[in-house]
Amino acid sequence: MDTTLNWLLVGTGDIARKRVAPALAETAGSRLFAVCDLVGERANDIAAEFGADKIYTDFDTALADSETDAVYVATPVDLHVPMAIKAIEAGKHVLVEKPLGISYINAEKAVIAESHTECATGCAYFRRFYPGYRMLKDMLQNGEFGKVVLVRMAYYSWFDPKPDDPKYWRVVKSRSGGGPISDMGTHMFDVLIGLFGMPETVFARTATIDRDWDVEDSSAMVMTLPGGAEVTASFHWNSKTWVHMFEIIGTEAKVLWQPYDSGTAVKTVGRNTEEIAIPLAENVHKPLIGDFVDAVRGNRKPLVTFAEAAKTNRLVDAVYRSAGERREVAL
């Protein structure tokens, strides 16, 4: 298949404008054909900036356009699954922003729809396309860490949207599924699952320390991986400082990314330490879009299918259940 994939972008938030729309417009074999948003002015702005031919304010009308091949769903999380299912039923390929759903049960509906279509379906866990992720994957497969004994993950920043802020939905549980766990935590969980598989147990605590929200602003958890390694993770939205780190520690070596979204890692073997420069793509969504386009052309599955993405929803549900019941939960 050599034809260009014509995309319908649904949703015009920050990620859509800064990364998704440029990636859809600039990736080889990909074209931003149409934009849909309830606010026509926002759709028109993105369409004009990135050369889309059409704008829509109604999703069903947009889906009826036969010139659209694929749909990128970049809406609040509660709309991901129903929109993905509608797009599949309309015969479109579908790529959905993360997390796939607001819960595992919700995400499973998309997985069922995925199992009954020949269209390509995927979720935008773009960190699996990082060169550093592939380096870690190779190191694990080659046994360079020895026996992995500990994985550490942390993310904290300041997030304080007011009720009139377009981003406020992210702190409304019925729309987002949760706070920083559902937001940045899902990216980190996806990396963990991609490298090690599903954790076997989780013990978690969540709290809303500095906000008046119905989602957490703080979280801490301990997990156990297959083989016995422990994972410590914490995600927070209540510090005006910033940390984003990921570390794997083994009996023979360790690798630390801090910040994780940088292109430099610190690798330590025994007592010898070296910095490894692994530059990221200028737009980290472009490798994701490139993989999806290649999947459609090659009649294969994208790297992160709905079924793979739903594993993260399953882990998130276990974290919230552990915190709510104040006990360790087996997965």
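Two strands are said to pair if DSSP finds at least two bridges between them, and helices (H or I, at least four residues) and strands (E, at least two) are here DSSP runs, numbered from the N terminus. The structure is a predicted model, in which local features need pLDDT of at least 70 and side-chain atom pairs count only at pLDDT 80 or more, while totals for chains, interfaces and linings use all residues. Residues are numbered from 1 along each chain as its sequence is written, and side-chain values use heavy atoms, with hydrogens and water left out.

One open sheet is built from nine strands in the order β14-β13-β12-β11-β7-β10-β9-β8-β15, and its pairing is mixed. The edges of this sheet are formed by β14 (272-277) and β15 (329-330), each of which pairs on one side only. Within the sheet, strand β7 has two partners of opposite sense: seven bridges join β7 to β10, with the two strands running parallel, whereas β7 and β11 pair in the antiparallel sense over nine bridges. Two adjoining residues illustrate these pairings, since Val 151 stands opposite Val 231 in β10, and Arg 152 stands opposite Glu 247 in β11. At the edge, strand β13 (residues 264-269) is joined to β14 by six bridges in an antiparallel arrangement, and Lys 267 has Glu 274 of β14 as its bridge partner.

A second open sheet contains six strands in the order β3-β2-β1-β4-β5-β6, with parallel pairing. The edge strands of this sheet are β3 (54-56) and β6 (121-123), and each pairs on one side only. Neighbouring strands here are turned by 25 degrees against each other on average, direction ignored; axes are lines fitted to C-alpha atoms, for helices over the stretch in contact, and angles run from 0 to 180 degrees between N-to-C directions. Six bridges join β1 to strand β2 (residues 30-36), the two running parallel, and the bridge partner of Val 10 in β2 is Cys 36.

Helices lie across both sheets, where contact means heavy atoms within 4.5 Å. On the six-stranded sheet, helix α1 (residues 14-26) lies across β1, β2 and β4 and runs at about 135 degrees to β2, while helix α2 (residues 40-50) lies across β1, β2 and β3 and runs at about 160 degrees to β2. On the nine-stranded sheet, helix α8 lies across β7 (148-158), β8 (201-207), β9 (218-224), β10 (230-236) and β11 (238-250), with a direction at about 5 degrees to β11. Helix α10 lies across β8, β9 and β15, and runs at about 65 degrees to β8.

The helices α8 (residues 181-196) and α10 (residues 306-325) also pack against each other, at an angle of about 120 degrees and with their axes 9 Å apart. The two helices are therefore oblique to each other, given that angles under 35 degrees count as roughly parallel, over 145 as roughly antiparallel, 65 to 115 as roughly perpendicular and the rest as oblique. The contact involves Ile 181, Ser 182, Thr 186, Phe 189, Asp 190 and Ile 193 from α8, together with Glu 308, Lys 311, Thr 312, Leu 315, Val 316, Val 319 and Tyr 320 from α10. These contact residues divide into seven nonpolar, three polar and three charged, where Ala, Val, Leu, Ile, Met, Phe, Trp, Tyr, Cys and Pro count as nonpolar, Asp, Glu, Lys and Arg as charged, and the others, Gly among them, as polar.

Helix α10 is also approached by α5 (104-115), the axes of α5 and α10 coming within 9 Å and crossing at roughly 170 degrees. This angle makes α5 roughly antiparallel to α10. On the α5 side, Tyr 104, Ile 105, Ala 107, Glu 108, Ala 110, Val 111 and Glu 114 meet Phe 306, Ala 307, Ala 310, Asn 313, Arg 314 and Asp 317 of α10. The residues in the contact of α5 with α10 comprise eight nonpolar, one polar and four charged.

A search of the whole structure finds nine aromatic pairs; rings of Phe, Tyr and Trp (its six-membered ring) pair if their centres lie within 6.5 Å, and planes under 30 degrees apart count as stacked, over 60 as edge-to-face and the rest as tilted. One of these pairs is formed by Trp 7 and Tyr 72, which is tilted, with 6.4 Å from centre to centre and 55 degrees between the planes. Distant parts of the chain are linked by this pair, with Trp 7 in strand β1 (residues 5-10) and Tyr 72 in strand β4 (residues 70-73), 65 residues apart.

Some backbone features occur in loops. A cis peptide bond with omega of about -15 degrees joins Lys 98 and Pro 99, and Pro 99 lies in the loop between β5 (93-96) and α5. The peptide bond from Gln 258 to Pro 259 is likewise cis, with omega near 5 degrees, and Pro 259 lies in the loop between β12 (253-257) and β13. Asn 299 has a positive phi of about 55 degrees, although it is not a glycine, and is placed in the loop between α9 (286-298) and α10.
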